[in-house]
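Me: I've got a model open and a pile of labels on it, and I'd like to know what earns each label. Can we go through them one at a time?

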Amino acid sequence: MKNQTRRVVLERPWLLTLMIAGTIGALILVNSFSRTSSDSLLCSLSGEYTRPGNSDDSPAQTQLIAILHYATSRVVPQQSLAEIRVSFDVLQSSSPCNFLVFGLGHDSLMWSSFNPKGNTLFLEEDPKWTQTVLKQAPNLRAHTVRYQTHLSEADQLLASYKSESACLPPDVSVRDNTACRLALTGLPNEVYDTEWDLIMIDAPRGYFPEAPGRMGAIFTAAVMARTRKGDGPTHVFLHDVNRRIEKVYAEEFLCRKNLVKAEGRLWHFAIPPASDHTITAFC
C-alpha cells in the first residue's frame, strides 16, 4: 500500500501539490487560533531573530502566497511526500525556530510556510537562480554563497582531513577556519551568529565532477550541531543519500548513531551538543 500511494503521488504531481496546499492551509487555521504574545520567542534562546516591520512579511501572508504558488504551478518539490513529512513533523513540534536550508528552489515557499513566525534562511550557489526565485517569492530570505570545493575532490578531502588539526574536534570551528578546506568560511555572518535548530542539506549541486558537492555543507552542519549552546539536539536533514558522497560524508560527520529516521533518499539526524571535549573524532 505504501508503494502504491507513493506511485500515485509521483504519477499525479497535482495530488502532491494539493496535499501541500492543504497542509499549508491547515497551518494558517492553526495559527489563527493560537496567536500569543510570545511571537518572537524561538525554540533556541541563544539564536537571534528580528522580524521586519513590513506587514506583508507576516506568517499568514507567506502561507497564502505558498498556497497560491502550489495551486497554480505544475512544478512540485523534488522531495517525495513521505520525505517532506519527516521534516514537517519536526517543524510542527519545533516551530517557531531557526531553520537553515542549503538550497533554494521550488520547495522553498513550502519550507518557509512550515515555520511561521520563525527564522528560515536559504543559501544558494547560483545568483541568477536566486534572483529568479526571489522575484516570484520576495518574502523568502536568501543569500548567494560560493563554495571552494569540487565533487571530484571529495575522496581526497575525506582521506586527508584528519591530518589537519583545524578540522578535528574538540576545538573545530567554522568561521574563519581557512586551514580546514571542509569548513564553509564564506557564509554571511548571520549564519555563524545564529544557533540553528534545524538544518536542511539539499544543495549545492553534487552530481558531476565540477560541481561543488555537499561535503562542506555536511561538515559545517556537523560542526554547528556539536558546538550548539542551547538545549536539545540539532536536527539535520540530508537529501540524496542514495549518492555515494552524501552517504559516506554523512556516516563520517553526522554519525549513524545520530540517525533517527530514513525515508526514501532522506536521512534525519538528531545531533546533540558535544559533551566530552576530549574526543578528537566526530563519530
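Reply: Sure, starting with the sulfurs: a disulfide here is a pair of cysteine sulfur atoms within 2.5 Å. Counting bonded cysteines along the chain, the disulfides follow the pattern 1-2, 3-4. Keep in mind that this is a predicted model.

Me: How many disulfides does a search of the whole structure find?

Reply: The search turns up 2. Cys167 and Cys180 make one of them, and Cys255 and Cys283 make another.

Me: What makes Cys167 and Cys180 a disulfide?

Reply: Their sulfur atoms are 2.1 Å apart, and the cut-off is 2.5 Å, so the pair counts. The angle about the S-S bond is 115°, and the link is right-handed. Both cysteines sit in the loop between helix 7 and helix 8, 13 residues apart. Cys167 is buried, and Cys180 is too.

Me: And what makes Cys255 and Cys283 a disulfide?

Reply: Here the sulfur atoms are 1.9 Å apart, and that meets the requirement of being within 2.5 Å, so this pair counts as well. This link is left-handed, with -90° about the S-S bond. Cys255 lies in the loop between helix 10 (244-254) and strand 6 (259-263), while Cys283 is in the segment after strand 7 (266-271), 28 residues along the chain from its partner.

Me: Is Cys255 buried or exposed, and why?

Reply: Buried: its relative accessible area is 3%, and the label applies under 20%, so Cys255 qualifies.

Me: Why is Cys283 called partly exposed?

Reply: Cys283 has 47% relative accessibility. Buried needs under 20% and exposed needs over 50%, so a value in between gets the middle label.

Me: Why is Cys97 called buried?

Reply: Its relative accessibility is 0%, and anything under 20% is buried, so that one is settled.

Me: What label does Leu81 get, and why?

Reply: Leu81, in helix 4 (residues 81-94), has a relative accessible area of 30%. The band between 20% and 50% is partly exposed, so that's the label. The C-alpha atoms of Leu81 and Gly264 are 10.0 Å apart, with their positions 183 residues apart along the chain.

Me: Why is Arg181 called partly exposed?

Reply: Arg181 comes in at 41%, and partly exposed is what lies between buried (under 20%) and exposed (over 50%), so the label fits. You'll find Arg181 in the loop between helix 7 (154-160) and helix 8 (189-193).

Me: How do you know that Arg181 and Glu153 make a polar contact?

Reply: Their side chains make the contact at 3.2 Å, and the limit for N or O pairs is 3.5 Å, so the distance passes. The Arg181 side chain also reaches the backbone oxygen of Gln148 at 3.3 Å. Leaving out residues up to four places away in sequence, Arg181 touches Gln148, Thr149, Glu153 and Leu157.

Me: Why is His235 called buried?

Reply: His235, in strand 5, has 17% relative accessibility. The cut-off is under 20%, so His235 counts as buried. Its side chain and that of His268 are joined by a polar contact of 2.9 Å. Among the residues His235 touches are Val90, Asp197, Leu198 and Ile199.

Me: What makes strand 4 and strand 5 a pair?

Reply: Pairing asks for at least two bridges, and these strands have 4, so they pair. They do it in the parallel sense, with Ile199 bridged to Val236 in strand 5. Strand 1 (residues 98-102) also runs parallel to strand 4, joined by 4 bridges, and there Leu100 has Ile199 as its bridge partner. Strand 4, helix 9 (residues 215-226) and strand 5 make a right-handed β-α-β unit.

Me: Which way do the side chains of strand 4 point?

Reply: Leu198 and Met200 point one way, Ile199 and Ile201 the other way, and all are buried. In a regular strand the side chains alternate between the two faces of the sheet.

Me: Which residues have the most contacts inside the largest nonpolar core?

Reply: Phe219, Tyr249 and Phe253, in a core of 47 residues. Helix 9 gives the largest share, 9 residues. A second, separate core of 21 residues includes Ile84, Leu91, Phe114 and Phe237. Back in the largest core, the contacts of Phe219 include Cys167, Cys180 and Phe253.

Notes: Residues numbered from 1 in each chain as written. Predicted model: local features only at pLDDT ≥ 70, side-chain atom pairs only at ≥ 80, totals over all residues. Heavy atoms only, no water. Buried < 20%, exposed > 50% of the residue type's maximum accessible area, 1.4 Å probe, protein only. Right-handed = clockwise from strand over helix to strand, strands pointing away. Contact = heavy atoms within 4.5 Å. Polar contact = N/O pair within 3.5 Å; in protein donor to acceptor, adjacent residues only side chain to side chain. Core = buried A, V, L, I, M, F, W, Y, C linked by side-chain atoms within 4.5 Å.
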